[in-house]
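I opened the notebook and the viewer side by side today. Here is what I looked up, entry by entry.

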Amino acid sequence: MDHKHNDAFPNNFLWGSASAAYQIEGGWNEEGKGPSVWDHFTRIPGNTFKGTNGDVAVDHYHHYKEDVALMAEMGLKAYRFSIAWSRIFPDGNGALNEQGIQFYERLIDELLGHEIEPIVTLYHWDLPQALQDQYGGWESRQIIEDFNRYCVTLFERFKDKVKYWVTLNEQNVFIRLGYEEAKHPPGVTDRKRMYEANHIANLANAKAIASFREIVPDGKIGPSFAYGPAYPYSNDPGDVLAAENAEEYLNGWWLDVYCDGEYPKTIWKYLEQRGLSPTLEEGDTALLKSGKPDFLGVNYYQTGTFAESPLNDVFQSSKENHDGKKGQFKESGIAGLFKRKRNNTLETTDWDWEIDPIGLRIGLRRITSRYRLPVMVTENGLGAFDKLEKNNVVQDDYRIDYIRQHIEQLQAAITDGVDLIGYCTWSFTDLLSWLNGYQKRYGFIYVDRDETDEKDLRRVKKKSFDWYRTVIATNGGNL
């Protein structure tokens with residue numbers, strides 16, 4: 001729909017930015033921290049671009065005051081960051097590491113001292129390696145209790161300082177890439193194990209939310225989901241049905257459980273017929289229904305376009321683009337459900353992610369209509385090759401254009417009726433882009449390091465820094 005005039009952003013809108021512990025902190029074994037599955041996984045040759053890891057990352061562990069001062073200079077209203085479970089409980093379920101929890105207390109106090117709202121992500125993929133070794137991590141129901149104990153510890157410690165909490169970040173990504181495609185820890189390729197682990201993660205999410213209700217009654221909590229709305233490749237009804245299949249299979253399978261405590265019927269039946277549906281035990285449904293969130297976190301980067309796929313379709317195993325050489329897209333899908341096609345109406349990033357600002361508005365409207373919950377955009381940003389020029393200049397106009405176009409669609413979505421709490425760009429500083437190394441830069445702050453040399457880790461403000469500062473100062477009035 002078109003509007004003559006868009007509504008203004010709410011006066012209390014949270015203009016923010018985001019990060020994840022493993023990608024920025026470094027200090028991987030300092031002050032009692034235990035290893036995570038990512039500390040282990042990145043040491044296996046061939047798993048990451050040029051063998052990069054997060055041992056030092058961008059050393060936020062030692063630079064957090066400098067980084068927060070830059071956030072304050074920008075005028076940031078909120079900062080979303082994750083807590084490393086193994087920094088709190090080095091063994092996952094053993095003794096509390098007081099030094100670890102004190103680091104996050106100092107960070108939170110630093111943010112609050114600059115009037116920046118802390119948004120705490122409880123789990124951003126870095127499972128304690130000890131729990132993977134003890135019982136297989138997310139494949140054991142023991143993790144429900146261990147995750148809950150970890151969460152309760154943080155709820156009780158920070159309940160008077162933190163209002164907004166995110167439970168699991170991108171469960172659809174860490175489960176699928178970890179248990180179906182073996183591209184993330186624990187490196188498994190087994191769809192049955194994937195659905196079992198995913199169900200246990202759903203239960204752990206719900207248990208944590210139920211505990212939160214008792215400890216932080218005035219707070220807000222919800223999971224953060226990597227949402228890519230599905231489009232039909234053409235107006236052929238077969239392609240329209242394929243897009244419906246993709247929307248249910250890739251999105252509804254998680255969102256319906258988060259919001260309603262039930263799996264979508266069509267996909268459940270599909271998996272049940274193939275012996276892939278997860279094991280439901282007594283009490284599971286009641287627990288899932290007790291974990292309805294206060295808001296949905298949405299991590300948005302791209303949409304997906306889908307065509308009809310016959311049962312005899314054969315797909316080549318796709319190799320993820322980790323080197324930034326554009327043009328590596330390959331069709332993928334599930335025979336009989338859908339086939340993902342390249343949407344030639346859209347430009348792409350160097351990493352072959354399709355750039356679709358309107359897709360963000362579409363996704364937010366779908367969530368609003370189906371689940372009637374407030375939404376926080378917990379990630380959105382552009383990974384690109386940034387160049388540090390003479391006189392500490394980084395001309396990242398392409399990032400400004402990308403974020404501007406997405407913010408314009410946020411304002412249109414608000415005018416459509418979406419209850420939008422805030423918008424967190426990914427990311428504030430440059431960071432380790434998981435398997436992509438350090439060359440894929442997302443931040444407003446350039447960090448002077450690369451894959452082979454930590455250099456001086458100097459922080460340099462990019463052109464986008466001043467642009468986003470203006471956006472915040474005008475509450476989105478000047479883009």
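**Cis peptide bonds.** I went to Ser-427 and placed this residue in the loop between β12 and β13. The peptide bond that joins Trp-426 to Ser-427 is cis, with omega at about 5°. This is a predicted model, so I read the bond as part of the prediction. I then looked up a second cis bond, which joins Pro-185 and Pro-186, again with omega about 5°. Pro-186 sits in the loop between α8 (171-179) and α9.

**Gln-439.** I stayed with the β12 side of the model for this entry. Gln-439 is in the loop between β12 and β13 (445-447). Is Gln-439 buried or exposed? Its relative accessibility is 17%, and because the cut-off for buried is under 20%, Gln-439 counts as buried. Leaving out residues up to four places away in sequence, I listed what Gln-439 touches: Phe-49, His-322, Asp-323, Gly-324, Trp-351, Ala-384, Phe-385 and Glu-451.

**Positive phi outside glycine.** I checked two residues here. Trp-125 has phi near 85°, a positive value in a residue other than glycine. I found Trp-125 in the loop between β3 (117-123) and α6 (129-135), and at 6% relative accessibility Trp-125 counts as buried. Leu-457 also has a positive phi, near 55°, and is likewise a residue other than glycine. Leu-457 lies in the loop between β13 and β14 (459-461); its relative accessibility is 9%, so Leu-457 counts as buried.

**Helix α3.** How far does α3 span between its end C-alpha atoms? I noted only 18 Å, where a straight helix of 15 residues would span 21 Å at 1.5 Å a residue. I also noted a bend in α3 of about 35° at Glu-66. The buried residues of α3 are His-60, Tyr-61, His-63, Tyr-64, Asp-67, Val-68, Leu-70, Met-71 and Met-74. For the spacing of such positions I kept a reminder: an α-helix has 3.6 residues a turn, so residues three or four places apart point the same way. After α3 comes Gly-75, with a positive phi near 90°.

**α3 against α15.** I followed α3 (residues 60-74) to α15 (residues 463-473): their axes come within 8 Å and cross at roughly 55°. That crossing makes α3 oblique to α15. Which residues make the contact? From α3 they are Leu-70, Glu-73 and Met-74, and from α15 they are Phe-465, Tyr-468, Arg-469 and Ile-472. Sorted by class, this contact of α3 with α15 has five nonpolar residues, two charged and no polar.

**Helix α13.** I took α13 (residues 357-371) next: its 15 residues reach 22 Å from first C-alpha to last, close to the 21 Å expected at 1.5 Å a residue. Among the buried residues of α13 I noted Pro-357, Gly-359, Arg-361, Ile-367 and Tyr-371. The buried residues of α13 pack against β6 (230-232), α10 (237-260), β7 (296-299), β11 (375-379), α14 (397-416) and β12 (420-426). Arg-372 follows α13 and has a positive phi, near 50°.

**Ala-201.** My last stop was Ala-201, in helix α9 (residues 191-215). At 0% relative accessibility, Ala-201 counts as buried. With neighbours within four places in sequence set aside, Ala-201 is in contact with Trp-138, Leu-168 and Gln-171. I also looked up Ile-143, which is 58 residues from Ala-201 along the chain; the two C-alpha atoms are separated by 8.4 Å.

Definitions and conventions
Residues numbered from 1 in each chain as written. Predicted model: local features only at pLDDT ≥ 70, side-chain atom pairs only at ≥ 80, totals over all residues. Heavy atoms only, no water. Axes fitted to C-alpha atoms, helices over the stretch in contact; angles between N-to-C directions. Helix = DSSP H or I, 4+ residues; strand = E, 2+ residues; numbered from the N terminus. Parallel < 35°, antiparallel > 145°, perpendicular 65-115°, else oblique. Contact = heavy atoms within 4.5 Å. Nonpolar A, V, L, I, M, F, W, Y, C, P; charged D, E, K, R; others polar. Expected span 1.5 Å × (residues − 1). Bend = angle between axes of the 7 residues up to and from the residue. Buried < 20%, exposed > 50% of the residue type's maximum accessible area, 1.4 Å probe, protein only.
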